[in-house]
Amino acid sequence: MQTEQDLDISVIFSMFFLRNIGLWISDNRAENRRMKIKLMCTLFNSIDASIVIMRDFYFTWLYKGDILYVTTNILTVIMGLIKICIILMHKREFISLITYTQRNFWNVNYDTREKEILKNCRKTCTFFVCSVSAIGICAMLAYLSTPLITNAGKNKSERILPFNVWLNLPVSISPYYEIGFLIQTISLYYIAVSYFCFDNVFCILAVHLTGQFRILRYRFAKLCDMEHQITEEDTGLMITKHVHTFYEQLKLYIRQHQTLIDFCNRLEDVYTMLIFGQVLVFSVLICLFAYQGLVVAAPFARRSIFVFLLVGSMALLFMFTYSCDGVIEHSEKVAIGAYSALWTIMPMNKPGRMLRNDLIMVIERSRRVCCLTANNFFPVSLETYTTILSTAVSYFTLLRNNVEDKNVD
């Protein structure tokens, strides 16, 4: 029987891509061996792609070719390899986060309002994951279709591959061409999946963490709700009778708050270096993608590659900054839920005073917001998104003016 999370499209897509690159949960030894083989294939193809693109960069620089085009490719390929390496360094923690989310965020009994919050989280994740994955796949297909379109009508000796291979072999002649095209297709697939699948998982974890903070806020606000018993004759005695129960429930919510803070810290440990690298590189990448896709006089097929990469990078950047911003916003709003509890009607006996004091502690702790940072340098939020885009536009303007000045000279 399928549970609700099994029907979540974002989880299905992420699980599919993570299985393909060998970084999913293994249930038995046979599957564990398959995951290790897939992971070795991922590393081999990623390293192979990096070597090919580095050689292309060297010879393009040596023969004064289109260095900006190769630089754009090398940054894209290296980013995919770096993401794999970072996640492998934290593989156990990465798998633990996914397992914890499945057990404690999805496989839990919720009331109607909490199910609605969880449903909204799934819709958000589905939109982001499907959009980013589709754009990434389109960019990969554009890379593969560009040489096929360019080769149409040419002799076999003039055929080109998706990426230049500087070897003393007749790579444009069969069967070398077909073998080279197949190898580059496989390597491109692994690079493309590595480029966006870890960010998809981050989006799912961060958005559901945000949803858990929203659920916790709702639970705090309903903590002392006596509306369903208001018809009793002696309301004061009824509240006195239930204040101990409310306090025990408050302790459960405080423990939940502590586990969410701990989950945020664990997510930060796994992804902080990856976020830092993306924040540093994305302004340059967006600038180069925009230049190659919108300014350079190149064939439409080649320009379409960078149009997809430009749109995909902006969507990817918005996805993880939006996810981080949600954690900041809703972890702080837990204080509003704690204050909204009907603590004013609680009696001033010992459990009532303890309840008030603990609510104050929750409010104080919530003011220290949970956030995901770029290697502890600064918290990432939607403001980071606008800053990176502003920087990318500045780089783009400088690059275009510099190239135009050289053309005039």
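In this predicted model, Pro351 is placed in helix 10, which spans residues 350-367. With a relative accessibility of 22%, Pro351 counts as partly exposed, because the partly exposed class begins where the buried class, under 20%, ends. When neighbours within four places in sequence are left aside, the contacts of Pro351 are with Val243, His244 and Tyr247. Helix 7 covers residues 235-295, and the three contact partners of Pro351 carry the numbers 243, 244 and 247. By contrast, Pro351 and Asn155 are separated by 196 residues in sequence and, from C-alpha to C-alpha, by 87 Å in space.

A second position, Ser133, belongs to helix 5, made up of residues 112-151. Ser133 has a relative accessibility of 2% and therefore counts as buried. Apart from neighbours within four places in sequence, Ser133 is in contact with Phe17, Phe196 and Asn200. The contact with Asn200 includes a polar contact between the two side chains, at 3.0 Å. As for Phe17, the C-alpha atoms of this residue and Ser133 lie 9.8 Å apart, although 116 residues separate the two in sequence.

Helix 5 also takes part in the lining of enclosed space. The model holds 3 cavities of 30 Å³ or more, and the largest cavity has a volume of about 240 Å³. Its lining consists of 20 residues, and those nearest the centre of the cavity are Thr76, Gly136, Ala139, Tyr195 and Leu309. Two or more lining residues come from each of helix 3 (67-89), helix 5, helix 6 (176-221) and helix 8 (300-332). Among the contributors to this lining, helix 5 gives the most, with 6 residues.

The largest nonpolar core comprises 120 residues, and the members with the most contacts inside it are Leu18, Phe94, Phe198, Phe202, Phe220, Tyr271 and Ile275. Helix 7 (residues 235-295) is the greatest contributor to this core, to which it gives 25 residues. Around Leu18, and not counting residues up to four places away in sequence, the residues touched are Leu23, Trp24, Phe94, Ile98, Cys197, Phe198 and Val201.

According to the unreviewed UniProt entry, the annotation "transmembrane region" applies to residues 6-25, 67-89, 125-144, 188-209, 270-291 and 303-323. In the model, the stretch 188-209 is 100% helix and 0% strand, with its end C-alpha atoms 32 Å apart. The stretch 270-291 is likewise 100% helix and 0% strand, and here the end C-alpha atoms are 33 Å apart.

Two further polar residues were examined for their surroundings. Glu31 is found in helix 2, residues 29-62, and counts as buried because its relative accessibility is 9%. The side chain of Glu31 is joined to that of Arg19 by a polar contact of 2.8 Å. Beyond its neighbours within four places in sequence, Glu31 is in contact with Arg19, Ile25 and Ser26. Gln184, which lies in helix 6, also has a relative accessibility of 9% and so counts as buried. Not counting residues up to four places away in sequence, Gln184 touches Leu161, Pro162, Phe163 and Val165.

Terms used
Residues are numbered from 1 along each chain as its sequence is written. This is a predicted model: local features need pLDDT of at least 70, side-chain atom pairs count only at pLDDT 80 or more; totals for chains, interfaces and linings use all residues. Side-chain values use heavy atoms; hydrogens and water are left out. Helices (H or I, at least four residues) and strands (E, at least two) are DSSP runs, numbered from the N terminus. Buried means under 20% relative accessible area, exposed over 50%, partly exposed in between (1.4 Å probe, protein chains only). Contact means heavy atoms within 4.5 Å. A polar contact is a pair of N or O atoms within 3.5 Å; within protein, one must be able to donate a hydrogen and the other to accept it, and residues adjacent in sequence count only if both atoms are side-chain atoms. A nonpolar core is a set of buried Ala, Val, Leu, Ile, Met, Phe, Trp, Tyr and Cys residues joined through side-chain atoms within 4.5 Å. UniProt positions are given in the numbering used here, feature names are shortened, and annotations may be inferred rather than shown by experiment. On a 1 Å grid over the protein atoms alone, a cavity is a set of points where a 1.4 Å probe fits but cannot get out, and a pocket is an open set with protein on both sides within 12 Å along at least five of seven lines; lining residues have an atom within 4 Å of a point. Grid points are joined across faces, edges and corners, and a volume is the space filled by probe spheres set on the points.
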